[in-house]
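Here's a quick tour of the empty spaces in this protein, plus a couple of residues to look at along the way. Have the viewer open and follow along.

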Amino acid sequence: MELPIPLRQGVERLLEKVPLPTLKQAAKTLSDRYRAELRDGRLHMAEEIAVKAYLATRLPATYAAVRASLDAVGEARPDHAPKTLLDVGAGPGTVLWAALDLWPDLEQAVLIEASAAVRRVGAALAAEAMTARVAWLAGDVSLGLADLKQAELVTCAYVLDEIGPASLPALIDRLWRLTDDTLLIVEPGTPAGWQRILAVRRQLIEAGAHVLAPCPHVAPCPLAPPDWCHFSRRVARSRLHRLAKDADVPWEDEKFIYVAASRHSVAPPQARVIAPPKSGSGKVLLKLCEKDGGADEKLFTKRDGQMFKAARRLDWGDALPK
């Protein structure tokens, strides 16, 4: 999955005059902060060079994860195309670009971002390419999100790991109250990220939300540590990305986890693939989270006919056809 062409071109323009040593140091500092999940009162991207390091080394991966999560929302609700978006902790507009790529008729977006440097860069990237009306607002997600209007689609991507655990329930309650239709939360695909998503999922179900994805049920998660639920997208690294990270491999795998919930119920899929498929001659083994609340591996062979043909086309994260 690649960045939309206007976004990729905008990023290239912003980065073309940045000295490589400066970018490499900023990328290392940013990566260290993210990996440590630091909550020291400082913004990860308070300075413009940190934002540019993010554009070079993290944006393609987070875009791929967000777009995959939005795709799952679209598959669960194929008859619905949101017209309004509220993105909390918006970064440089990653969710906005992904949502517009999926739903080009999106009319209005409000993006909440604490960092002035990030807002400036995000607005510059969007200025020449957006058909939707976009408002960038300064805001700290931990301070209540006052005076905001409901939106059909509310999103919060790669943000909860920066919030203290004690503050999460109030934030999720506020996000749900702002949701007119669908709420999507995306987190890094680590065991800690999965635990945060499990807590969000429980809270939303208790509030009366209907889970759209990835879970095909509302029962407790059937997985137990050291296993955990997450998904992955392979992302091609640009030449600048490889240089900034001193990376030899021309790609990276972005692991992520998400939960999408709606005020409207939908028929859940039969199951979802929760690990890379294992294929062989005339057979495919899928690890499935199933509609009955369980998780197990299932072997499909040619004797399963159409089901085998469908299973052979499925990838990690895909839903089994209804």
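Helices here are DSSP runs of H or I with at least four residues, numbered from the N terminus. With that in hand, alanine 170 sits in helix H7, which covers residues 168-177. Keep in mind that this is a predicted model.

**The overall fold**

Counting secondary structure gives 10 helices and 12 strands. The C-alpha atoms fit a box of roughly 60 × 45 × 40 Å along the principal axes. The radius of gyration is 20 Å, which agrees with the value near 20 Å for a compact globule of 322 residues. Of those 322 residues, 51% are buried. Among contacts with a separation of 6 or more, 72% link residues 24 or more positions apart. On the outside, the protein exposes about 15,200 Å², and carbon and sulfur atoms supply 52% of that area.

**Looking for empty space**

Rolling a probe the size of a water molecule over the atoms shows where empty space is left. Searching the whole structure that way turns up 2 cavities of 30 Å³ or more. Here they are next to the second largest pocket:

| Space | Volume | Lining by class |
|---|---|---|
| Largest cavity | about 170 Å³ | 16 nonpolar, 1 polar, 2 charged residues |
| Second largest cavity | about 60 Å³ | 4 nonpolar, 3 polar, 1 charged residues |
| Second largest pocket | about 470 Å³ | 14 nonpolar, 2 polar, 6 charged residues |

Start with the largest cavity, at about 170 Å³. Its lining has 19 residues, and the closest to the centre are Trp194, Pro214, Cys215, Cys221 and Cys229. Two elements give two or more residues to that lining: helix H8 (191-206) and strand E8 (251-262). Which of them gives the most to the lining of the largest cavity? That would be H8, with 4 residues.

The second largest cavity, at about 60 Å³, has a lining you can select in one go: Val73, Gly74, Arg77, His80, Pro82, Trp103, Leu153 and Thr182. By class, that set splits into 4 nonpolar, 3 polar and 1 charged.

Now for the second largest pocket, with about 470 Å³ of space. Of its 22 lining residues, the closest to the centre are Arg8, Glu12, Ala56, Pro60 and Ser238. The elements giving two or more residues to this lining are helices H1 (5-15), H3 (48-57) and H9 (239-245), along with strand E7 (231-236). Its class count includes 6 charged residues beside 14 nonpolar and 2 polar.

**Two residues to click on**

Helix H3 also holds lysine 52. Is lysine 52 buried or exposed? Its relative accessible area is 16%, so lysine 52 is buried, the cut-off being under 20%. Leaving out residues up to four places away in sequence, lysine 52 touches Leu14, Leu15, Val18 and Leu23.

Back to alanine 170 in helix H7. This one has a relative accessible area of 56%, so alanine 170 is exposed, given that exposed means over 50%. If you want a distance to check in the viewer, try alanine 170 against aspartate 227: they are 57 residues apart along the chain, and their C-alpha atoms are separated by 28 Å.

Key
Residues are numbered from 1 along each chain as its sequence is written. This is a predicted model: local features need pLDDT of at least 70, side-chain atom pairs count only at pLDDT 80 or more; totals for chains, interfaces and linings use all residues. Side-chain values use heavy atoms; hydrogens and water are left out. On a 1 Å grid over the protein atoms alone, a cavity is a set of points where a 1.4 Å probe fits but cannot get out, and a pocket is an open set with protein on both sides within 12 Å along at least five of seven lines; lining residues have an atom within 4 Å of a point. Grid points are joined across faces, edges and corners, and a volume is the space filled by probe spheres set on the points. Ala, Val, Leu, Ile, Met, Phe, Trp, Tyr, Cys and Pro count as nonpolar, Asp, Glu, Lys and Arg as charged, and the others, Gly among them, as polar. Buried means under 20% relative accessible area, exposed over 50%, partly exposed in between (1.4 Å probe, protein chains only). Contact means heavy atoms within 4.5 Å. The radius of gyration is taken over C-alpha atoms; the globule rule is 2.2 Å times the number of residues to the power 0.38. Accessible areas come from the Shrake-Rupley method with a 1.4 Å probe; for residues, only the protein chains shown count as cover.
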